[in-house]
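Good morning. Please have the sequence and the structure open while I talk.

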Amino acid sequence: MASIGSIGNSGMQAAQMRMGAAANNIANTDTRDFRRQEVTQQAAPNQAGTQATARRAPAPGNAPEADMVQQVQAMYDFRANLQTVKAQDQAMGSLLSVKA
């Protein structure tokens, strides 16, 4: 069984990957024949948390508006997962204080 912290960490890593892919796509909007990076995210098999995978789009093209939305979503996802990690750290600190 995975800890809440490891679940939050996997979510933060996935959000960072999505943010990086969106930033790369925006930076290459004017690049000829550029194929966008696409990140898919799913539940990690046999463990808690999430797994993200990046791949190139099958055809060239750009979608800067979708990439901007993806950046905002990734930012909020990162912050939400960070809060779960902080909550676990606080709970562990409280537990250690009670046992001490």
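I will start with the whole chain and then go through a few residues.

First, a caution: this is a predicted model, and the values I quote are computed from it.

What is the chain built from? The protein chain holds two helices and two strands. Going along the sequence, they come in the pattern α-β-β-α. The radius of gyration of the protein chain is 17 Å, well over the 13 Å that the globule rule gives for 100 residues, so the chain is more spread out than a compact globule. Along the principal axes, the C-alpha atoms fit a box of roughly 65 × 25 × 15 Å.

Now the surface. Of the 100 residues, 24% count as buried. The accessible surface of the protein chain is about 6700 Å², and carbon and sulfur atoms hold 55% of that. As for charges, there are 9 positive and 7 negative ones, and their mean positions lie 6 Å apart.

How much of the contact pattern comes from residues far apart in sequence? Taking the contacts with a separation of 6 or more, 58% are between residues 24 or more positions apart. Please keep that figure in mind for the residues that follow.

Next, helix α1. This helix covers residues 4–27, which is 24 residues. From its first C-alpha to its last it reaches 35 Å, close to the 34 Å expected at 1.5 Å a residue. Which residues of α1 are buried? They are Gly5, Gly8, Ser10, Gly11, Met12, Ala14, Ala15, Arg18, Ala21, Ala22 and Asn25. When you look at the spacing in that list, recall one general point. An α-helix has 3.6 residues a turn, so residues three or four places apart point the same way.

Let me take one residue from that helix. Ala14 lies in α1 and is buried, with a relative accessible area of 3%. What does Ala14 touch, once neighbours within four places in sequence are set aside? Its contacts are Gln41, Thr50 and Ala52. There is also a distance to note: the C-alpha atoms of Ala14 and Ala54 are 9.8 Å apart, with their positions 40 residues apart along the chain.

Ala52 gives the view from the other side. This residue is in strand β2, residues 50–56. Is Ala52 buried or partly exposed? Ala52 has a relative accessible area of 21%, and the limit for buried is under 20%, so Ala52 counts as partly exposed. Neighbours within four places aside, Ala52 is in contact with Ala14, Met17, Val39, Thr40 and Gln41. Its C-alpha atom is 8.7 Å from that of Ser10, 42 residues away along the chain.

Now helix α2, residues 64–99, where Asn81 is found. Asn81 counts as buried at 18% relative accessibility. Leaving out residues up to four places away in sequence, Asn81 touches Ile7, Gly8, Gly11 and Met12.

Val85 is in helix α2 too. With a relative accessible area of 13%, Val85 is buried. Which residues does Val85 touch, not counting those up to four places away? They are Gly5, Gly8, Asn9 and Met12. The C-alpha atoms of Val85 and Gly8 are separated by 5.6 Å, although the two residues are 77 apart along the chain. Gly8 and Met12 appear in the list for Asn81 and again in the list for Val85.

Last, a residue in a loop. Asp33 sits between α1 and β1, where β1 is residues 37–43. What is unusual to look for in its backbone? Phi of Asp33 is near 60°, a positive value in a residue other than glycine. Asp33 counts as exposed, at 57% relative accessibility.

To close, go back to the pattern α-β-β-α and find Ala14, Ala52, Asn81, Val85 and Asp33 on your screen. Thank you.

Notes: Residues numbered from 1 in each chain as written. Predicted model: local features only at pLDDT ≥ 70, side-chain atom pairs only at ≥ 80, totals over all residues. Heavy atoms only, no water. Helix = DSSP H or I, 4+ residues; strand = E, 2+ residues; numbered from the N terminus. Rg over C-alpha atoms; globule rule 2.2 N^0.38 Å. Buried < 20%, exposed > 50% of the residue type's maximum accessible area, 1.4 Å probe, protein only. Contact = heavy atoms within 4.5 Å. Areas by Shrake-Rupley, 256 points an atom, 1.4 Å probe, with all protein chains shown as cover. Lys, Arg positive; Asp, Glu negative; His and termini not counted. Charge placed at Lys NZ, Arg CZ, Asp CG, Glu CD. Expected span 1.5 Å × (residues − 1).
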